[in-house]
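Q: I have a model open and would like to talk through how its chains meet, and then look at any odd backbone spots. Can we start with the contact between them?

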Amino acid sequence: MSLNDRVNDEVVKKLAALHQVSPRSPEKAVIGRAEFLKEAQSIARTVSKPEERRPNRWMGALQSLFVNSRKEHSPMVSPLAMILIVMSLLFGGSGLTVAGAQSSLPDQPLYGLKLLSEEARLILTSSAETKLQLQLEFADRRSSEIQNLIEGGLLPSDLTQNRYQAHVEQTLQLASDMPEEQAIQAMEQIRLRLRHQQQAFLNLNPNTNPQCGAVVARIRQMLQQHLQWVEEGLADPVRLRARMRQHLWQQPQPDTNDGATIPSPVSITGMPGGSGMGGGNPWTPGTPTPGGGYGPGMGNSGGMGGNPWTEGTPTPGSSYGPGPGPMTTQSGPQPTPGMGGGGNHH
Amino acid sequence: MKTFNEIDLLAGARAFDMRSLADIYDNYSPGLYSYALRLLGDDCQAEDCVSETFSRFLAALRNGKGPQDHLQAYLFRIAHNWITDRYRREPPPPVELDENVPGGDHVKTEAHVERRQEQEQVRLALRQLTPDQRQVVVLRFVEDWDTQAIAEALIRPVGAIKALQHRALEALRRLMLTEKNSRAKDRLYESE
């Protein structure tokens with residue numbers, strides 16, 4: 001080793017003195033993170049252009065009771081705080097009950113309150129961007145709830161699964177209605193969220209309950225299908241808009257038999273809102289909608305015909321028509337009559 | 001385990017997806033804090049550096065700018081520039097010579113004091129390098145980055161990075177040997 005190298009080694013050894021530094025304070029790390037996200041949210045609000053819609057009379061009156069009419073957004077009345085106040089006035093009891101409901105699962109007593117508070121948050125916002133963020137958040141929630149149930153050995157109900165799908169589809173619907181630049185931004189967000197959720201379900205081990213395996217497979221397939229739509233939409237937003245409009249025309253009216261007003265579109269399970277009717281699509285008798293969860297298979301096997309969005313041969317890997325789709329699930333779940341019954345469903 | 005790569009995180013960040021931005025902060029803020037603390041020697045200043053780095057990142061995103069890739073390199077570049085500005089604005093702190101050691105484990109405390117002094121001396125030497133020399137030598141020998149990653153951070157070719165590294169080590173050798181000789185002389189005078 002030359003003198004030069006030896007001296008350089010000595011310099012490098014001295015630099016190594018800087019390796020050992022005291023660890024970061026956890027409290028300061030948390031504060032720093034919170035401030036960063038707060039700044040990001042503030043910027044996000046100024047970057048997006050919310051649609052301004054004049055509220056109707058009763059909404060305006062209700063909002064005016066609880067929302068500052070000043071131009072500046074009041075930090076004193078957050079949307080959740082507003083919900084708590086409204087719930088307390090309408091239903092009595094403490095707003096803390098509503099707050100406590102936010103972490104409940106479908107098998108718990110306060111879950112209905114959680115869904116109602118979500119619905120209220122959607123109603124009380126007129127901004128498409130905010131609605132999108134809410135639907136993304138609610139899709140995350142349904143995803144986490146289903147995973148928690150499965151990990152606990154409980155079978156998520158058809159209703160819970162359908163709600164999850166509804167939130168996912170709402171995000172696509174909202175994105176497709178936005179101007180192109182906003183739509184692309186929105187779809188990038190949706191893609192990230194769906195990938196997160198897809199990864200979580202890929203990592204999920206449903207061994208505790210055999211029926212959960214079928215649920216997980218259906219959800220994976222649902223996510224894959226919607227991810228594919230997002231990818232197509234990113235390449236061509238106009239196509240997504242056309243797809244969502246066509247998809248919407250085939251939807252039933254919102255199913256309110258469970259008290260939740262979130263529309264239940266073509267369900268993952270083939271069961272409309274848990275009514276227990278099995279078999280084919282009850283609203284469009286005849287040919288099931290490919291990928292709609294009705295009829296044999298979820299589309300990647302069973303050969304129910306070509307891609308409805310394009311006439312002619314199915315798109316390879318589209319999960320329509322015969323042959324393997326993008327998911328490795330061997331066969332789609334068959335809707336079984338009375339699937340809503342039996343077992344421990346939540 | 002990181003599920004998504006930098007490209008996905010950046011796409012989410014540009015869309016102001018909160019989860020992506022939170023992931024970015026969680027992934028990169030610890031490394032940035034350590035880097036800043038090593039160069040500044042003060043935890044409050046290191047926190048300021050991290051905070052300002054991410055704030056500038058958000059400002060770039062808001063203006064439609066920011067990195068298309070190499071996010072870590074981009075963030076470290078911002079932190080480095082902030083630290084360089086701080087060096088220019090503030091004089092270097094004096095190296096403390098704590099002669100009055102409080103009671104307790106004398107040996108352990110003395111070792112701690114010696115380590116702190118050594119760190120301060122290294123920081124002093126680093127401050128006298130050019131900003132690029134300093135960033136190269138710290139990323140290479142303190143943060144253990146490879147040359148390619150450093151090239152991305154400085155937006156320079158690998159050859160230029162190696163040249164900077166060579167000149168930085170030469171400069172540090174002169175500075176540290178000069179300092180070492182000076183302290184040796186001081187000890188000699190004290191003993192007489």
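**Chain contacts and backbone**

A: A good place to begin is one ion pair: in this predicted model, the side chains of Asp8(B) and Arg195(A) meet in a salt bridge, with 3.0 Å from N to O.

Q: How many salt bridges are there between chain A and chain B?

A: The count between the two chains is 6 salt bridges, and there are also 16 residue pairs in polar contact, both residues being at pLDDT 80 or more.

Q: Which elements of chain A give two or more residues to that side?

A: Those are helix 1 (3-15), helix 2 (26-47) and helix 9 (180-203) of chain A, and the largest share, 12 residues, comes from helix 2. By class, the side of chain A that touches chain B has 16 nonpolar, 11 polar and 10 charged residues.

Q: And what area is buried between chain A and chain B?

A: About 4200 Å² is buried, with carbon and sulfur atoms giving 63% of that area. On the chain A side, Leu18(A), Arg24(A) and Phe36(A) lose the most area to chain B, together 18% of what that side buries.

Q: Changing topic, which residue has a positive phi of about 60° although it is not a glycine?

A: That is Asp144(B), which lies in the loop between helix 6 (131-141) and helix 7 (147-154) of chain B.

Q: Is Asp144(B) buried or exposed?

A: Asp144(B) counts as exposed, because its relative accessibility is 56% and the cut-off for exposed is over 50%.

Q: What about Ile155(B)?

A: Ile155(B) is not a glycine either, yet has a positive phi of about 50°; this residue sits in the loop between helix 7 and helix 8 (158-191) of chain B, and is exposed, with a relative accessible area of 62%.

Technical notes
Residues numbered from 1 in each chain as written. Chains lettered and ligands numbered in written order. Predicted model: local features only at pLDDT ≥ 70, side-chain atom pairs only at ≥ 80, totals over all residues. Heavy atoms only, no water. Buried area = accessible area lost by both parts, 1.4 Å probe. Salt bridge = Lys/Arg side-chain N within 4 Å of Asp/Glu carboxyl O. Polar contact = N/O pair within 3.5 Å; in protein donor to acceptor, adjacent residues only side chain to side chain. Helix = DSSP H or I, 4+ residues; strand = E, 2+ residues; numbered from the N terminus. Nonpolar A, V, L, I, M, F, W, Y, C, P; charged D, E, K, R; others polar. Buried < 20%, exposed > 50% of the residue type's maximum accessible area, 1.4 Å probe, protein only.
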